Amino acid sequence: MSRTLNLGVLAHVDAGKTTLTERLLFEAGAIGAIGRVDDGTTLTDSLDLERRRGITIRSAIASLVIEDVSVNIIDTPGHPDFIAEVDRVLGVLDGAVLVVSAVEGVQPQTRVLMRALQRLRVPTLIFINKIDRGGADVAGVLRGIERRFAVRAVPLTRAIDEGTRAAATVTPAPDDFYSALIEALVDYDDALFEAYIADPAAVTKARLRAVLADQTSKSLVYPVYVGSAATGTGIPELMDGLISLLPVAERDDRGPCAGRIFKIERGAGGEKIAYVRMFSGALHVRDRVHDDEDKVTGISVFERGAWVRQGAVRAGDIGKLWGLAHVRIGEPIGLRQEDAVPHHFAPPTLEARIAPDRHEQHVALRAALAQLVEQDPLINIRSEPSGELAVSLYGEVQKEVIEATLAADYGIAVTFRETTPLYIERPTGTGAAEEILNSATNPFHAAIGLRVEPATTGFEFRLEVGFQSVPLYVYRNIDEFASAMEQYVRAALQEGLYGWAVNDCLVTMTSSNYSIADGPPSRRGPLSTAADFRKLTPLVLMQALHNAGTYVCEPMSHARIDAPATSMGSVLAMLAQQGAAVQAQLIRGEDISIEAELPARDVQALQRRLPAATNGDGVIESIFAGYQPVRGEPPTRRRTTPDPLNRQEYLAAMNGQTR
């Protein structure tokens, strides 16, 4: 195929997106029968938990051909706990279909997904599904789309006999359709407006279709189709819209190799498999990537419903790659790291302790969790002093998913214990410390001076020593030394004075020295090693941090609640009870939007209380809003590594390590 469309399918839980995917595959001849979500026979929901609960948790990929266009369908998660994966997937799409139920209408997660599509400017078609179900109200759903999404919706088909088994899809009457389409498009096209005023007959159907496609590709308008994925009515019209209105890409095999890894999984044999979207050029078997660390040993491309082994994955394609042991989700392929557009995702704000039900599976659990981290690098694992493991999370549903995955894929039954917020520490002021070479307090054959001070955001490391202070027989050059020292510092900052990771700080290396072995009678030496600098770094850094002081901060969320205006009082009362700070209120007709900031740990309680406060018609969308200092006594967390401030304990532990 010379043209490719990478398509996302998104929806609120149970709106029918997986069924729609099955129908598209069937109508295109990619599968011989339509799977049922309730029966667990769908192609894309491969996790047992997905099939049992009828929800999509991890993005899945299928492929079909419409005329001369190869369409890769990505069935994306619909639960808010997996919004990070949704955002990762949206970054590799050419277009999307947002599925809305004709019965339930615009649901809470539908609005969250639409905002993500708008934020990333993904061209989108809207499909109003389930017109054959009792209670279907297409006109009401259309009003809800325009009111709650605040977009220009352009209906291209309409339903007859909706709400019955005889429901069908037809094209609107030509005169009505022509006028409505002109009205929708002229808002963004002055030339079209002038041409229509001058001579309405001169504005042809072909021109209108071209303008509609152009404005759809720019996310100015949103074409709407109606139908039923279960019966197939309205699907041919939707399939035509996919290839005529969404920006189908011509392949650019001759361009520079450029792609992005957006998903990682493990094969049946435990091998690492990376999913890549290629934007230009081609990646071949035996090509080296990731700074030449890895070599591609195998490639599969999805064709007509099956993964097919190929010698290359080309521009526009989505492929599976073998052999990339070091690659991580979100990394570019081909492009240099500094040339790639970074993906920013909010950090997890919760941490839950996890233990195997059978103690002898502790090591196996650690290995299994390490593989799950590859699939979602925003999840982190931490080992407690008691031997228990702690996993960082976005929400409670992730706990259920991890539990089910460990049981099904690894044969490990686990129990989750308490869930707590993930706090951070920030430096209060500036502090410095230094260890001198061959001094009584420094048993290592290295010397380090470090200064810690607050930074605006994130972490930064600076080197203020010259190459004369660097053991170039250990490090090839001063840049390699700086990179190693930054790595040592980052590792040491994972546990601060209160046990939490230290963030928003600048660490500067102010001095450095090393030992040279020149034999008797000199008392200098032996030679410094990388281990000397690595082991000495926490000792100096924690003393500098102690001198600077730290304060503990908790993760905050910015919440937006959309609800009927009649529930304004109950929503404000609920927010006050949760200790949220209301920042904005906006009434739009029958609806109200309230924005507030509150601790991330309280968001789930807000989600549980919202239906009662809004008669089930409220929706909450929350995003990470940084950190704020904790009021009162700062919470602490037990260290998982020896405490450098307890010098005797730390040195005893270091003496037990190999150099």
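The exercises below, each with a worked solution, concern the predicted model shown above.

Residues are numbered from 1 along each chain as its sequence is written, and side-chain values use heavy atoms, with hydrogens and water left out. Because the model is predicted, local features need pLDDT of at least 70 and side-chain atom pairs count only at pLDDT 80 or more, while totals for chains, interfaces and linings use all residues.

**Exercise 1. The chain as a whole**

Task: State how many helices and strands the chain has, and what share of its residues is buried.

Solution. Step 1: helices (H or I, at least four residues) and strands (E, at least two) are DSSP runs, numbered from the N terminus. The chain has 16 helices and 34 strands.

Step 2: a residue is buried under 20% relative accessible area, exposed over 50% and partly exposed in between (1.4 Å probe, protein chains only). Of the 659 residues, 53% are buried.

Step 3: a contact means heavy atoms within 4.5 Å. Among contacts with a separation of 6 or more, 72% are between residues 24 or more positions apart.

**Exercise 2. Nonpolar cores and helix α1**

Task: Find which residues have the most contacts inside the largest nonpolar core, and which residues of α1 are buried.

Solution. Step 1: a nonpolar core is a set of buried Ala, Val, Leu, Ile, Met, Phe, Trp, Tyr and Cys residues joined through side-chain atoms within 4.5 Å. The largest has 46 residues, and Leu20 and Leu64 have the most contacts inside it. Helix α9 (residues 235–245) gives the most to this core, with six residues. Apart from it lies another core, of 37 residues, among them Ile61, Ile74, Met114 and Val138.

Step 2: leaving out residues up to four places away in sequence, Leu64 touches several residues, including Leu24, Leu25, Val71 and Met239.

Step 3: helix α1 spans residues 17–27, and eight of its eleven residues are buried. They are Lys17, Thr18, Leu20, Thr21, Glu22, Arg23, Leu24 and Leu25. Just after α1, Gly29 takes a positive phi of about 85°.

**Exercise 3. Thr233 and Thr169**

Task: Determine where Thr233 lies and what its side chain reaches in Thr169.

Solution. Step 1: Thr233 is in the loop between β9 (222–226) and α9. Its relative accessibility is 16%, so Thr233 counts as buried.

Step 2: Thr233 and Thr169 are 64 residues apart along the chain, and their C-alpha atoms are separated by 6.2 Å. The side chain of Thr233 reaches the backbone nitrogen of Thr169 at 3.2 Å.

Step 3: neighbours within four places in sequence set aside, the contacts of Thr233 also include Ile131, Ala167 and Ala168.

**Exercise 4. Salt bridges between distant parts**

Task: Place both partners of the salt bridges Arg637–Glu351 and Asp504–Arg426, and decide whether each residue is buried or exposed.

Solution. Step 1: a salt bridge is a side-chain nitrogen of Lys or Arg within 4 Å of a carboxyl oxygen of Asp or Glu. The whole structure has 26 salt bridges.

Step 2: in the pair of Arg637 and Glu351, the closest N and O atoms are 3.2 Å apart. Arg637 lies in the loop between β34 (619–629) and α16 (647–655) and Glu351 in strand β21 (residues 350–356), so the pair ties together parts that are 286 residues apart in sequence. Arg637 is buried at 10% relative accessible area, and Glu351 is buried at 4%.

Step 3: for Asp504 and Arg426, the closest N and O atoms are 2.5 Å apart. Asp504 sits in the loop between β29 and β30 and Arg426 in strand β25 (residues 424–427), 78 residues apart. Asp504 counts as buried at 8% relative accessibility, as does Arg426 at 16%.

Step 4: Asp504 also has a phi near 55°, a positive value in a residue other than glycine.

**Exercise 5. A surface patch**

Task: Identify which residues form a nonpolar patch on the surface with Tyr473.

Solution. Step 1: patches consist of residues with over 30% relative accessible area and no salt bridge, like charges being joined within 9 Å and nonpolar side chains (Val, Leu, Ile, Met, Phe, Trp, Tyr) within 5 Å.

Step 2: Tyr473 forms the patch with Ile516 and Leu527, with about 270 Å² of accessible area together (Shrake-Rupley method, 1.4 Å probe; for residues, only the protein chains shown count as cover).

Step 3: Tyr473 lies in the loop between β28 (459–463) and α12 (478–492), and is partly exposed, with a relative accessible area of 40%.

How values were computed:
Polar contact = N/O pair within 3.5 Å; in protein donor to acceptor, adjacent residues only side chain to side chain.
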